[in-house]
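Here are some short exercises to work through with the model open beside you. Try each task by yourself before you read the solution.

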Amino acid sequence: MQNDHSAMVLEGGSLRGLFTAGVLDVMMENEITYPYVNGVSAGAMGGMSFISGQITRTKDVNIDYRNDHQYIGIRNLLFRDGIFNFEYLFHVISEEYNPFDWDSFYRNPTRFAVVATNCRTGGAEYFEKGVCKEMETAASASSSMPLLAHMIKIQGEKYLDGGVAMPIAYGKPLEEGYQKVVVVLTREHGYRKKPVSPKMMNLYAKFYGEYPYLLERLRNVPEHYNEMQLEMDRLQEEGKIFLIRPEYPVKVKRIEKDKEKLEELYQEGRRIMTENLEKLKKYLEMTF
């Protein structure tokens, strides 16, 4: 089913995105689609497999290859673009081991955008399928976590994790007129980020001192994120968005090594989505 006035937004969270993977697989199994989808960081990566229609692919890649040091490892930070080796992901895993279906990805009429942070301006930029000619590069930039990844260039500009400038891009589809927005979060209700410590800000300044707008964004991430949580609660009460999120505090770390924990989080995503499936269908079926 698809409501032509609906959209879906996917939060990041690195390997916490296994929750999102479970949610999206249940949606695909029930043929729930949207005219517009955007994702940040891990949400961008998971969103790609949703658009290509590949059930379990996000789970399989991130669990099967979690301990493959060519994919995730500190050495990649030294010799590649970051702790996640996106070149290996897109050109080895996605071509040889667990092929990504680019034909289906581009044939799907759904508008799909990934969000990255422009390091020079500190602003969020949206790279949309069919417009951007470097989607895998844009997805890599969206997922490049500060300090754990190098900046990635797209058309001469440098980018990092979209979550710095726009942690959850629910405002974009609302601005474009989509009247039913489904938001998949990777943190439980009531979660709040703590302020950035002076020690961490000094570390950011050491690495990004020549990018003052990026530094300001990094400083304000917790405040911005926490304000968005309050706004999303209000929008949900007004029926403008539909939130899907973990029920309990997520114990999985951004770079979690325990495959059992990752599998459990994936199954939690499936459980939550299954329990909310009828509510979601009713929400999407509402007339305007």
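**Exercise 1. Locate Ser-14 between its neighbouring elements, then describe its phi and its burial.**

Step 1: Ser-14 sits in the loop that runs between strand 1 (6-10) and helix 1 (17-29). Helices (H or I, at least four residues) and strands (E, at least two) are DSSP runs, numbered from the N terminus. This is a predicted model, in which local features need pLDDT of at least 70 and side-chain atom pairs count only at pLDDT 80 or more, while totals for chains, interfaces and linings use all residues. Residues are numbered from 1 along each chain as its sequence is written, and side-chain values use heavy atoms, with hydrogens and water left out.

Step 2: Look at the backbone. Most residues other than glycine have a negative phi. Ser-14 is not a glycine, yet its phi is positive, about 55°.

Step 3: Check accessibility. Ser-14 has a relative accessible area of 11%, so it is buried (buried means under 20% relative accessible area, exposed over 50%, partly exposed in between, with a 1.4 Å probe and protein chains only).

**Exercise 2. Find the loop that holds Leu-147 and give its phi.**

Step 1: The loop in question lies between helix 7 (135-142) and strand 5 (152-154), and Leu-147 is found there.

Step 2: Leu-147 has a positive phi, near 75°, and is a residue other than glycine.

**Exercise 3. Work out which residues of helix 10 (residues 198-208) are buried and what covers them.**

Step 1: The buried residues of helix 10 are Met-201, Tyr-204 and Tyr-208. They are on the same side of helix 10, because they cover an arc of only 60° around the axis; the arc is that of the directions from the helix axis to the C-beta atoms.

Step 2: Recall the geometry. An α-helix has 3.6 residues a turn, so residues three or four places apart point the same way.

Step 3: Turn to the other side of helix 10, where Pro-198, Lys-199, Asn-202, Lys-206 and Phe-207 are exposed.

Step 4: Strand 6 (157-161) and helix 11 are among what covers the buried residues of helix 10, with contact meaning heavy atoms within 4.5 Å.

**Exercise 4. Compare the expected and actual span of helix 11 (residues 212-237), then follow the helix to what comes after it.**

Step 1: Helix 11 has 26 residues, which at 1.5 Å a residue should span 38 Å. The expected span is 1.5 Å times one less than the number of residues.

Step 2: The end C-alpha atoms of helix 11 are 37 Å apart, which agrees.

Step 3: Look for a bend. Helix 11 bends by about 55° at Asn-220, and the proline Pro-222 follows within four residues. The bend is the angle between axes fitted to the seven residues ending at a residue and the seven starting there.

Step 4: Sort by accessibility. The buried residues of helix 11 include Leu-214, Leu-218, Pro-222, Tyr-225 and Met-232. Leu-230 also lies in helix 11, but at 54% relative accessibility Leu-230 counts as exposed.

Step 5: Gly-239 follows helix 11, and its phi is positive, near 80°.

**Exercise 5. State how many salt bridges the structure holds and examine the pair formed by Arg-234 and Glu-231.**

Step 1: There are 16 salt bridges in the structure (each a side-chain nitrogen of Lys or Arg within 4 Å of a carboxyl oxygen of Asp or Glu).

Step 2: In the salt bridge of Arg-234 with Glu-231, the closest N and O atoms are 3.5 Å apart. Both residues lie in helix 11, three residues apart, about one turn of the helix.

Step 3: Arg-234 is partly exposed at 38% relative accessibility, and Glu-231 is partly exposed at 33%.

Step 4: Now try Asp-60, which forms a salt bridge with Lys-59, with 3.3 Å between the closest N and O atoms. Lys-59 counts as buried, at 16% relative accessibility.

**Exercise 6. Describe the chain as a whole, starting with its helices and strands.**

Step 1: The chain has 13 helices and eight strands.

Step 2: Of its 288 residues, 57% are buried.

Step 3: The C-alpha atoms fill a box of roughly 50 × 40 × 40 Å, taken along the principal axes.
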